[in-house]
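Here are some notes to read with the model open beside you. Take the points one at a time, and find each residue on screen before moving on.

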Amino acid sequence: MYSKELGEILKKRHSVRNYTGAPVPVEALEQILNAGMMGPSGKAIYPWELIVVRDKQKLIDLSGCRMGGAARMLAGADVAIAVVAGEELSDTWIEDSSIVMENMHLMASALGVGSCWIQGRGRTAINGDATEDYVRTILQYPSEYRLEAILSLGMPEEDEAVGKSPDQLPFFKVHLNKY
C-alpha cells in the first residue's frame, strides 16, 4: 500500500509550460532542490551537479536549447535547474540524474509549482548544435560533464488539474512472470 498523499501527487503531476511570471518562493525552491538531492545514487557516488538559473536573459537564451520549441517555456519560467553529471564518475550517471529530476518534478507538483522536464541528452538546439553544447556555452559547466535535462519552474498560469485516473493507466504493459 502506498501513501495516499504520494498517490495523489503522482496522479496530479503533469508538465506545466505556461507560467504567471510570479516568482517561485525561495522556500519552495529550496524544498525542490532538497528533494532532488535526497535521491539514491549508485554506490553513493552522486555524479551530478545542479545549476540553478534565475537570470532572466539566461532563461531566454536557454529557451532555444531544443528544436521545435520544446524548451520555449524556459523564456517564461522564473527558475530552471540544469542537471549535469560526470559520465566518467559513474556508469549510472543517467539513472542517478533522472532520479534527481523526477524527485524535483514531484516536489514541485506537491508544492503547487509548475514544472516541465526538458530533455537535453541526445537532443538538438535551434541553431543545429547538440543541446548539450548549446547549454554548456550558456551555463559554462566543464566539458567532462554531460547534460541530462533541465527542469523549468514557475508559478502555473492556471490549475490545469490534469492527471491520470486508474482506468487510463496502461495496465497492458504489465506482465506477470514472463513477457
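**Notes on the fold and its interior**

1. Let's begin with a cysteine. Cys65 is buried, with a relative accessible area of 0%. Please keep in mind throughout that this is a predicted model.

2. Does Cys65 have a bonded partner, or is it in no disulfide? A search of the whole structure finds 0 disulfides. Cys65 is therefore in none, and its nearest cysteine sulfur, that of Cys116, is 11 Å away. Seen from the other end, the sulfur of Cys116 has Cys65 as its closest cysteine, and 11 Å is too far for a bond, since a disulfide needs the two sulfur atoms within 2.5 Å. Cys116 also counts as buried, at 2% relative accessibility.

3. Now look at the sheet. It is open, has 4 strands in the order E1-E2-E4-E3, and pairs in the antiparallel sense. Strands E1 (48–53) and E3 stand at the edges with a single partner strand each, so one side of each has no neighbour in the sheet. From one strand to the next, the twist averages 20°.

4. Which residues face each other across these strands? Strand E2 (residues 79–86) and E4 are antiparallel and share 8 bridges. Ala80 has Ser152 of E4 as its bridge partner, and Val84 stands opposite Leu147, also in E4. On the other side, strand E3 (residues 114–119) is joined to E4 by 6 bridges, again antiparallel. There, Ile118 is partnered by Ile150 of E4.

5. Is strand E4 mostly buried or exposed? Of the 10 residues in E4 (residues 145–154), 9 are buried, so the strand is largely enclosed by the rest of the structure. This is a good strand to colour on your screen.

6. Two helices deserve a look after the strands. Helix H2 (residues 26–37) packs on the sheet and touches E1, E2 and E4, with its direction at about 165° to that of E1. Helix H4 (residues 93–110) also packs on the sheet, touching E1, E2, E3 and E4, and its direction makes about 5° with that of E4.

7. What fills the interior? The largest nonpolar core has 25 residues, and those with the most contacts inside it include Cys65, the cysteine of the opening point, along with Leu62, Val135 and Ile150. The elements that give two or more residues to this core are E1, helix H3 (56–62), E2, E3, helix H5 (131–139) and E4. H5 gives the most, with 4 residues.

8. Val135 is a nice residue to click on. Leaving aside neighbours within four places in sequence, Val135 is in contact with Leu62, Cys65, Gln140, Tyr141, Leu147 and Ile150. There is also a second, separate core of 19 residues, which includes Leu29, Leu33, Trp48 and Leu153.

9. Finally, how many aromatic pairs are there? The count comes to 1. The rings of Tyr46 and Trp48 have centres 6.1 Å apart and planes at 85°, so this pair is edge-to-face. Tyr46 counts as partly exposed, at 38% relative accessibility, whereas Trp48 counts as buried, at 10%.

Key. Residues are numbered from 1 along each chain as its sequence is written. This is a predicted model: local features need pLDDT of at least 70, side-chain atom pairs count only at pLDDT 80 or more; totals for chains, interfaces and linings use all residues. Side-chain values use heavy atoms; hydrogens and water are left out. Buried means under 20% relative accessible area, exposed over 50%, partly exposed in between (1.4 Å probe, protein chains only). Two strands pair if DSSP finds at least two bridges between them. Axes are lines fitted to C-alpha atoms, for helices over the stretch in contact, and angles run from 0 to 180 degrees between N-to-C directions. Contact means heavy atoms within 4.5 Å. A nonpolar core is a set of buried Ala, Val, Leu, Ile, Met, Phe, Trp, Tyr and Cys residues joined through side-chain atoms within 4.5 Å. Rings of Phe, Tyr and Trp (its six-membered ring) pair if their centres lie within 6.5 Å; planes under 30 degrees apart count as stacked, over 60 as edge-to-face and the rest as tilted.
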